Amino acid sequence: MTRHVHFLTGIRSEYDILAPVVGAVNETDGLSASVIVTGGHLSSRMGNSISQIEADGFRIAARIDSLLASDGLGGRVKGAALQMSGMTDLFAQERPDFLVVMGDREESMTGALSGLYHHIPVVHIGGGDHAEDGNVDNPIRHAVSKLANLHMATTPLSGQRLRALGEEDWRINVVGASGLDRLVSTPKMERSEVDVALELDWNGAPYIVFLYHPTITDFEAARAHMATISSVLETSGLNVVALMPNTDPGNDAVVAELTALAARTDRVRLFTFLERKVFVNMLRHAQAMVGNSSSGILEAPTLGLPTINIGKRQRGREHAANVIFTDYDPDEISAALKKATSDAAFRAEVAKCVTPYGDGTTSKRIAQILAQTELNAELMHKRFVMET
């Protein structure tokens, strides 16, 4: 009998991490995958990234509109209610054997709650990860772990944190980060092909990739922070491929500053959404990654890509030697840019750095676990294990 696995996704970066797992599930005997699409995927403003899911050929179980035209703190909360309402309607008609959620956004919480109340086993990818940045992502991630029935942890340390949360050992699987699978499996493009795809006219000159997201803890300062970063990028002399931020509060300010920067200099090119093959190969040919995206922590080490992480986001997160952490001081950011792009010794160290996040075979491991896990009362009965 085939087991049906639903994957919940609300934003492009989340889907890129889930996509290899969806593919591996479809390729595993006895499993079938579908995708529940919500949030930014359905927004033209965010690039209609549902097009990537459609292009991948995955079955879409539901399209749940939930992204409000809000840049305040209440928008995500109201959107979460819409997600839960949509999943309630879906599960009344189509009940999966597993519901897979990923990471620490509102859709992981709404999915875990919906699955719990519908008595559907919830699988959490990325539980136990933690950063000392004060961002709401951390408590959301840990809360989802307490609601989940199975854990797919990225590292042994994350597995230890799940045990500290009282999770039973048999529920915890250390599988690595599935985003690395995407890097390994994506066909390589020549730099000239990347230039054509991005419509770059820099004649093969080096460039950096910029990807920065606002955080709830300091979203009111998002414009000032982005203005500082923009000033450094503008005066750096570097070519910059910049991507729009996620849907968190403060998004409008970041978008406005990025748009103004791109209008001021032809050394900055701004994109809302890039097809996966182009995005991965853009990273492969980049000099460095700048911003605060988890891609710089999870995936950049596998590419030997220096990363500058600006601000509090991702601070204290398990990382390889490729990451330079800075605050919003312009001189500090400028020095980090110089080190990342020009320091031969540092770049040589990064080129051979070892990632703590696995070997690019995570998706197959997850699929096998889903195929072999018994669907029984024990799976659904969550017990709390006290540390001794």
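Which element supplies the largest share of the lining of the largest cavity? In this predicted model, helix 1 does so, with five residues, and the legends below take up that cavity after two views of strands.

**View 1. Strand 5 (residues 122-125) is covered on both of its faces.**
In a regular strand the side chains alternate between the two faces of the sheet. In strand 5, Val-122 and His-124 lie on one side and Val-123 and Ile-125 on the other, and all of these residues are buried. Strand 5 pairs with strand 4 (residues 98-102) in the parallel sense over four bridges, and Met-102 is the residue that stands opposite Ile-125 of strand 5. Between these two strands the chain passes through helix 4 (residues 106-117), making a β-α-β crossover that is right-handed. Strand 5 also pairs with strand 6 (residues 150-153), again in the parallel sense, over three bridges, and here Met-152 in strand 6 is the bridge partner of Ile-125. The path from strand 5 to strand 6 runs through helix 5 (residues 137-147), and this β-α-β crossover is right-handed.

**View 2. Six strands form an open sheet with parallel pairing.**
The order of the strands in this sheet is 10-9-8-11-12-13. Its edges are strand 10 (268-271) and strand 13 (323-326), each of which pairs on one side only. On average, and with direction ignored, neighbouring strands of this sheet are turned by 20° against each other. Within the sheet, strand 11 (residues 288-291) pairs with strand 12 (residues 307-310) in the parallel sense over three bridges, and Asn-309 in strand 12 is the bridge partner of Gly-291.

**View 3. Two residues other than glycine, Glu-199 and Gln-314, have positive phi values.**
Glu-199, with phi near 55°, belongs to the loop between helix 8 (191-198) and strand 8 (207-211). Gln-314, with phi near 80°, is placed in the loop between strand 12 and strand 13. Is each residue buried or exposed? Glu-199 has a relative accessible area of 64% and is therefore exposed, the cut-off for that class being over 50%. Gln-314 has a relative accessible area of 3% and is therefore buried, since buried means under 20%.

**View 4. The largest cavity holds about 610 Å³ of space.**
Rolling a probe the size of a water molecule over the atoms shows where empty space is left. The structure holds five cavities of 30 Å³ or more. The largest cavity is lined by 40 residues, and those nearest its centre are Ser-13, Ile-17, Met-102, Ser-294 and Arg-313. Helix 1, helix 5 and helix 12 (295-298) are the elements that give two or more residues to this lining. Sorted by class, the lining of the largest cavity consists of 12 nonpolar, 14 polar and 14 charged residues.

**View 5. The largest pocket holds about 360 Å³ of space.**
Which residues of its lining are the closest to the centre of the largest pocket? Of the 17 residues that line this pocket, they are Pro-20, Ala-24, Glu-27, Asp-181 and Ser-185. Helix 1 (12-26), helix 7 (179-185) and helix 16 (362-372) each supply at least two residues of the lining of the largest pocket. By class, this lining has five nonpolar, six polar and six charged residues.

Notes
Residues are numbered from 1 along each chain as its sequence is written. This is a predicted model: local features need pLDDT of at least 70, side-chain atom pairs count only at pLDDT 80 or more; totals for chains, interfaces and linings use all residues. Side-chain values use heavy atoms; hydrogens and water are left out. Buried means under 20% relative accessible area, exposed over 50%, partly exposed in between (1.4 Å probe, protein chains only). Two strands pair if DSSP finds at least two bridges between them. A crossover is right-handed if, with the strands pointing away from the viewer, the path from the first strand over the helix to the second runs clockwise. Axes are lines fitted to C-alpha atoms, for helices over the stretch in contact, and angles run from 0 to 180 degrees between N-to-C directions. On a 1 Å grid over the protein atoms alone, a cavity is a set of points where a 1.4 Å probe fits but cannot get out, and a pocket is an open set with protein on both sides within 12 Å along at least five of seven lines; lining residues have an atom within 4 Å of a point. Grid points are joined across faces, edges and corners, and a volume is the space filled by probe spheres set on the points. Ala, Val, Leu, Ile, Met, Phe, Trp, Tyr, Cys and Pro count as nonpolar, Asp, Glu, Lys and Arg as charged, and the others, Gly among them, as polar.
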